[in-house]
Amino acid sequence: MQNLELLIKELIKLPNETETVGFKHNNFDPEMIGSDISALANSAANRGKNQSYMVWGVNNETHDIIGTNYNRFSKLAKNQEIDSWLKNTISKNADFDFFDAEIDGKKLVVLIIQKAVGQPVTFKKNSFIRIGSYTKPLRDYPAVEAQLWDKLRLNNFEKIAAKSELHKDEIFQYLDFTCYFDLQNIPIPTNQDGILHYMLEDSIVLK
């Protein structure tokens, strides 16, 4: 996982938890994690985000980095390792990964969840959604459920990220930006930030 420390530092700048970002200290309840994966995947799709995030080791009120004792390899759910148990209880369209990090000597765990594709992600055959910073059953919010299904039906290949988790300097290894400026008949800016301004405006690059 590239740039994990940079990702964490960007996330903790948020003023509050959101529908696609959550923080935990030492809450490792497998049922909570399963329902949150469903909720965060569905909320990412509903909000037009490619990914959602859960970070352990961050105070959810102050967003200070405090570290965590979470070791998923030592946690069991129904006598299974938690990663394996989650894969068996969450629908097959879910795509998520845990990553370990350390900042200033403090351990953190980051759960990166890809947006739902095709249909809502379910946990134990139930769909969940984030309402503000709370995880709720999707069926309790029929208007949100209808909106989510509309977003899932409209999802297409062109909106899927070709490359993710890049530092801004790395983008220029993959992006032939000269074509964009030629087609737009716009002079090419003289620095990277100027080029990225246009790329971000047209959603060719997403922060």
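Which elements each supply at least two residues of the lining of the second largest pocket? They are strand S1 (21-24), helix H2 and strand S9 (134-137). This is a predicted model. The report starts with its pockets and then turns to its helix pairs.

**Two pockets**

Rolling a probe the size of a water molecule over the atoms shows where empty space is left. In this structure, the second largest pocket holds about 160 Å³ of space. Its lining includes Glu-17, Phe-23, Lys-24, Met-32 and Asp-36. Asn-60, Arg-130, Ser-133, Tyr-134 and Thr-135 also belong to that lining. By class, the lining has 3 nonpolar, 3 polar and 4 charged residues.

The largest pocket holds about 1800 Å³ of space. Its lining has 45 residues. Nearest the centre of this pocket lie Asn-50, Tyr-53, Val-205, Leu-206 and Lys-207. Several elements give two or more residues to this lining. Among them are helix H1 (4-11), helix H2 (30-46) and strand S2 (51-56). Helix H4 (142-154), helix H5 (168-171) and helix H7 (192-201) do so as well. Sorted by class, the lining of the largest pocket has 23 nonpolar, 11 polar and 11 charged residues. H2 thus appears in the lining of the largest pocket and in that of the second largest pocket.

**Three helix pairs**

Two packed helices are described by the angle between their axes and the distance between the axes. Here are the values for three pairs.

| Helix pair | Angle between axes | Distance between axes |
|---|---|---|
| H2 and H3 | about 50° | 11 Å |
| H2 and H4 | roughly 70° | within 9 Å |
| H6 and H7 | about 70° | 11 Å |

Take H2 and H3 to begin with. Helix H3 covers residues 82-89. Why are H2 and H3 called oblique to each other? Their angle is about 50°, and angles from 65 to 115 degrees count as roughly perpendicular, while those under 35 count as roughly parallel. H2 and H3 are therefore oblique. H2 passes H3 in a right-handed crossing. On the H2 side, the contact is made by Pro-30, Glu-31, Ile-33, Gly-34 and Ile-37. On the H3 side, Ile-82, Trp-85 and Leu-86 take part. This contact has 6 nonpolar, 1 polar and 1 charged residues.

H2 also packs with H4. With an angle of roughly 70°, H2 and H4 are therefore roughly perpendicular to each other. Their crossing is left-handed. Which residues of H2 meet H4? They are Asn-42, Ala-45 and Asn-46. The H4 residues they meet are Val-144, Gln-147, Leu-148, Lys-151 and Leu-152. By class, the contact of H2 with H4 divides into 4 nonpolar, 3 polar and 1 charged.

The remaining pair is H6 and H7. Helix H6 covers residues 177-184. H6 and H7 pack at an angle of about 70°. That makes H6 roughly perpendicular to H7. Phe-177, Tyr-180 and Phe-181 of H6 meet Ile-195, Tyr-198 and Met-199 of H7. The residues of this contact divide into 6 nonpolar, no polar and no charged. H7 also gives two or more residues to the lining of the largest pocket.

Terms used: Residues numbered from 1 in each chain as written. Predicted model: local features only at pLDDT ≥ 70, side-chain atom pairs only at ≥ 80, totals over all residues. Heavy atoms only, no water. 1 Å grid on protein atoms, 1.4 Å probe; cavity = no way out; pocket = protein on both sides within 12 Å on 5 of 7 lines; lining within 4 Å. Points joined across faces, edges and corners; volume = space filled by probe spheres on them. Helix = DSSP H or I, 4+ residues; strand = E, 2+ residues; numbered from the N terminus. Nonpolar A, V, L, I, M, F, W, Y, C, P; charged D, E, K, R; others polar. Axes fitted to C-alpha atoms, helices over the stretch in contact; angles between N-to-C directions. Parallel < 35°, antiparallel > 145°, perpendicular 65-115°, else oblique. Left-handed = near helix turned anticlockwise from the far one by under 90°. Contact = heavy atoms within 4.5 Å.
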